[in-house]
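I opened my notebook for a look at a new structure today. Come along and read over my shoulder.

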Amino acid sequence: MERLYTKDTQAIFWNNNKTAIQRMLDYDYTIKREKPSVAAIVAPTSGNKFEKFFYGPDEVMIPLFKTTADAKAAQPQADVLLNFASFRSAYDVTMEALEIGGFSSMMITAEGIPERLARGMNQTAREKGVTVIGPATVGAITPGAFKVANIGGTITNIVNSKLHRAGSCGLVTRSGGLFNELSNIISINADGIAEGVAIGGDRFVGSVFIDNLLRMEKNPDVKYMILLGEVGGTEEYKVIEAIKNGQITKPVIAWCIGTIAKHYDSGVQFGHAGASANAESETAEYKNNAMKEAGIHVPDSFNDLPAMINKVFTDMNIAEIPEPDMNTVPASRRSKEFICTISDDRGEEAHYCGYPISSVATPETGFTIGDVMSILWFKKRYPRWAVDFLETVLKTVADHGPAVSGAHNAKVTARAGKDVISSLIAGLLTIGPRFGGAIDGAAEHFKHANDNDMTPKEFLAHMKKSGIPIPGIGHRIKSLKNPDLRVTGLMKYAEENFPSTPLLDYARTVEELTTSKKENLILNVDGTIGILMVDMWRALDYTDEEIDVFIEAGALNAFFILGRSIGFIGHILDEKRLAMPMYRHPMDDILYDVKRAEEL
Amino acid sequence: MAQKAIREYDAKSILAKHWDKYFPDFTYAYETVMVQNGADLRDAAKTNAWLNEKTLVAKPDMLFGKRGKNGLVLFKDAKPGDVKLEKAASWIDEKSSTAQNVYFSFDGDTPTGEPSVDKLTHFVVEPFTPHEQAEEYYVSATCVGDDDVIYMSAEGGMEVEEGWDEKVTEVAFPITATEDEIAEKIRANVPADVAEKDKAQFAEFCIGFFRAYRELNFAYLEINPFVMQGSKIELLDMVAKLDDTAGFMMVDQWGDVSYPTAFGMEDKSPEEEAVELADSKTGASLKLTILKPEARIWTMVAGGGASVVYADTIADMAGIEDLANYGEYSGGPTTGETKFYAETLFDLMTREKDAQGRGKVLIIGGAIANFTDVAKTFTGIIQAFENYQDKLKEVGAKIYVRRGGPNYEKGLKDIKEAADRMGLYIEVYGPETHVTDIVRMALEK
């Protein structure tokens with residue numbers, strides 16, 4: 001890996017840390033990234049499907065997932081994990097992601113992960129070739145390409161410190177606060193940074209100075225490197241070694257902070273957990289001298305570091321970097337209360353999912369009501385065979401006579417003198433698990449059985465065990481010998497026009513078994529519609545997850561609601577025309593069985 | 001700091017608690033008590049019969065070694081192994097009544113360097129265990145670089161320290177090593193001078209020891225020496241450090257363990273303890289070490305890294321005799337937490353005037369914050385100014401501020417206005433000024 005991040009890099013952000021994610025998107029907008037740098041958020045306890053963020057003046061939605069595995073499956077291109085779990089769970093989150101695979105780097109922000117766990121985690125990542133930044137870090141940045149969470153601070157500071165576009169310096173520090181400070185110093189005294197990493201303050205961190213410097217040595221954008229070390233540890237000696245053996249040839253400027261530690265005994269902890277000298281060679285002074293001897297540019301004090309950077313940079317005569325165009329993040333933004341993804345009335349003419357109404361309304365446009373349904377309900381324009389199927393369904397379910405409960409309710413309400421809308425609603429409110437709802441249920445249960453490779457026998461046993469009659473099976477009078485012609489029609493249409501009907505085929509094998517038990521246990525019209533809808537969506541390349549979402553959302557019942565509304569309105573208008581009086585149910589049709597209420 | 005030293009008594013207690021898991025083939029009597037004075041010991045004898053029945057050894061348990069050479073191990077009255085309860089109790093009272101000199105390094109038996117002087121407050125008392133020198137062994141484990149290393153020797157006690165290179169076998173394991181790999185490698189590397197008949201048993205003990213070191217999250221664990229008599233083990237002397245970041249997983253395994261300050265070091269002041277307590281209750285970071293409370297320069301610096309470069313710079317430019325404290329606040333503390341931290345500092349720095357009559361210097365420093373809201377934290381400092389303005393003026397405090405990050409313009413403006421209103425001397429700088437340059441400015445005044 002030559003570069004830690006590119007302008008295409010996308011991350012999975014573990015923990016819905018809204019401020020940090022918003023900072024990333026503000027950065028993305030500023031540098032004109034094509035795609036947001038956060039592709040998915042893992043939020044184990046959230047019930048939401050997405051979180052809204054500003055992208056410049058507008059808002060975007062980033063999907064939320066309950067697990068890293070789900071997020072990775074949905075966004076496989078996102079190869080950076082930003083692990084913002086607490087010190088209690090950060091280890092488990094990292095190890096799980098390493099197990100899932102497909103990540104090139106992981107950043108871990110928690111401070112104080114148990115050392116033994118941190119060591120195991122770092123070693124496992126190393127063996128799998130995954131670069132770990134942290135733990136106990138604010139992260140890393142490739143200016144002009146990708147920024148981790150809060151690194152660089154506010155967008156104003158980022159632009160002031162020239163972190164919005166690539167400069168020439170490769171920067172590695174332990175401290176996150178000083179990373180920012182160094183970026184600022186480098187922008188004042190040189191031309192900014194090309195890649196920067198704060199490796200983290202804990203004693204055991206994943207990638208150490210040398211890992212990052214060796215990558216930067218290979219990165220053509222990096223012309224020279226700055227290392228800000230600390231008292232404690234021996235990592236700086238690996239850098240000295242790499243310079244001596246020629247692995248690092250680019251100029252290096254370095255300073256170890258914590259020179260004060262020599263004045264006190266080991267009881268005083270200066271800085272991070274990793275910052276404690278166990279031997280003379282781990283003191284800041286000793287390391288600074290050793291680096292100087294190895295030819296590294298080492299200033300006399302931290303206060304002299306800016307001058308040293310200026311001198312090394314000036315001597316290199318690096319061509320000036322042109323300043324790129326930037327977007328400006330608006331100073332004040334307001335989050336929207338509602339979201340609409342299907343139609344838009346803001347232009348000259350209202351649109352249905354991008355189609356002006358006039359382009360779908362009249363017959364010569366070639367759009368039928370099924371086309372309009374497909375774009376408004378499912379945001380895609382379906383091929384003819386599917387559109388025709390949707391309309392077939394609507395027509396099939398439009399009415400089933402005055403006696404069914406919904407039509408009866410609509411009629412009773414109309415006769416009570418109520419208007420069309422009240423009467424229609426009275427009818428619609430009866431639609432549910434016993435009336436019309438079998439479409440959803442049939443789709444759900446048959447799909448579940450088929451997805452789980454149940455044999456018809458197993459399916460029946462499973463339903464019996466759950467105590468649910470199989471939705472979509474059974475008719476009052478119809479049987480195989482005396483078939484329901486609506487069902488026959490739907491099946492014939494599917495056979496002739498669908499690319500394939502795997503779920504219907506499966507359902508027919510179930511029907512064979514049920515009808516062998518009782519003649520009228522046939523696949524009824526609700527079942528056939530629900531099952532064929534699933535087959536249609538599968539043929540249209542929807543994923544199983546998407547189909548499940550349709551079923552959960554109640555899209556199948558919606559066909560029944562829409563179709564049957566046609567019939568209900570017919571019955572209501574019929575009542576109005578006939579001017580029928582108020583209906584009162586005959587008393588002799590009611591069994592009165594009323595006892596005196598017991599006193600307690 | 002992640003690695004913390006614990007008392008010998010606690011180390012033994014932890015091993016004893018898990019003895020059967022790690023050392024199922026060995027026995028350990030766990031006859032040990034920790035006391036602070038003679039009366040404690042007499043009390044302990046009421047519930048620990050062995051204290052009355054056996055002859056005893058007593059020694060301080062205060063995180064320092066070389067107790068024998070310092071003359072601080074009681075094992076004989078008239079002759080070795082004749083110490084009874086009453087003698088031990090009076091010896092403890094005698095040794096704890098006055099400050100003791102303790103040397104940490106010796107050349108042969110001659111102490112070198114300056115002694116640490118402090119009172120002895122904790123002692124451990126155990127049975128005197130007669131044994132042969134040949135029954136003493138050494139084992140320790142710690143982390144070196146990326147590996148865990150076990151050190152084993154057929155000789156224990158002072159012998160091993162004086163002939164480390166020839167006498168000690170060390171074996172390193174990567175963190176990912178399995179129990180089987182470890183066991184196999186330890187068996188294959190038993191020091192050559194362990195007697196042939198004892199080799200297998202020695203290896204089994206070391207395997208259990210190393211597993212305990214790993215699983216119980218010790219950062220360092222040493223038994224020097226342990227006595228092995230058949231399957232009977234005595235832990236004569238132990239040194240241990242725990243990785244305290246693992247504390248949340250080890251609540252039951254470690255039990256009630258304390259982290260004492262090193263001998264000779266002053267106990268934490270109430271102010272330091274208060275900051276430590278506040279730190280443990282917040283997701284932010286609050287740290288305070290008082291170095292020299294009468295000194296002139298006080299720092300209130302945001303950020304772990306920045307606090308170090310300020311301390312470095314003050315030491316370079318003014319010398320450490322002028323530096324009163326070290327500490328930092330970071331990670332987005334609330335206004336209230338910042339106020340508490342600032343008031344703690346202001347209280348300390350205004351207790352006495354500078355001996356040479358100079359004004360005190362307060363450095364409110366910090367790098368460019370990543371996410372800490374500067375205006376919010378500065379509001380806390382301003383509130384502390386309100387309460388301490390008179391006292392700050394009394395000690396002639398000059399305040400130098402340098403900070404950047406979210407909302408820093410507002411923070412700087414607010415703090416300047418507030419200080420001016422109260423008549424406090426203040427200079428205020430943002431990211432255009434080099435982070436530590438205010439130290440130079442303060443000293444040039």
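Below are my entries, kept in the order of my lookups.

**Entry 1: what kind of model.** I noted at the start that this is a predicted model.

**Entry 2: chain B.** I began with the chain length and found 445 residues in chain B, of which 41% count as buried. Next I looked up the secondary structure of chain B, which comes to 16 helices and 21 strands. I also checked the box that the C-alpha atoms of chain B fill: along the principal axes it is roughly 80 × 50 × 40 Å.

**Entry 3: contacts inside chain B.** I wanted to know what percentage of the contacts in chain B with a separation of 6 or more comes from residues 24 or more positions apart. I found that such residues account for 72% of those contacts.

**Entry 4: domains of chain A.** I turned to chain A and saw that it is divided into domain 1, residues 11–316, and domain 2, residues 405–578. I then looked up the distance between their C-alpha centres, and in chain A these lie 57 Å apart.

**Entry 5: where the chains touch.** How many residues does the contact take from each chain? I read off 42 residues from chain A and 44 residues from chain B. On the chain A side, the elements giving two or more residues are α4 (115–127) and α6 (176–189). I marked α6(A) in my notes, since its six residues are the largest share of that side. Last, I sorted the chain A residues that touch chain B by type: twelve are nonpolar, 23 polar and seven charged.

Notes. Residues numbered from 1 in each chain as written. Chains lettered and ligands numbered in written order. Predicted model: local features only at pLDDT ≥ 70, side-chain atom pairs only at ≥ 80, totals over all residues. Helix = DSSP H or I, 4+ residues; strand = E, 2+ residues; numbered from the N terminus. Buried ≥ 20, exposed ≤ 12 C-beta atoms within 10 Å, placed from the backbone. Contact = placed C-beta atoms within 7 Å. Domains from an automatic or database assignment. Nonpolar A, V, L, I, M, F, W, Y, C, P; charged D, E, K, R; others polar.
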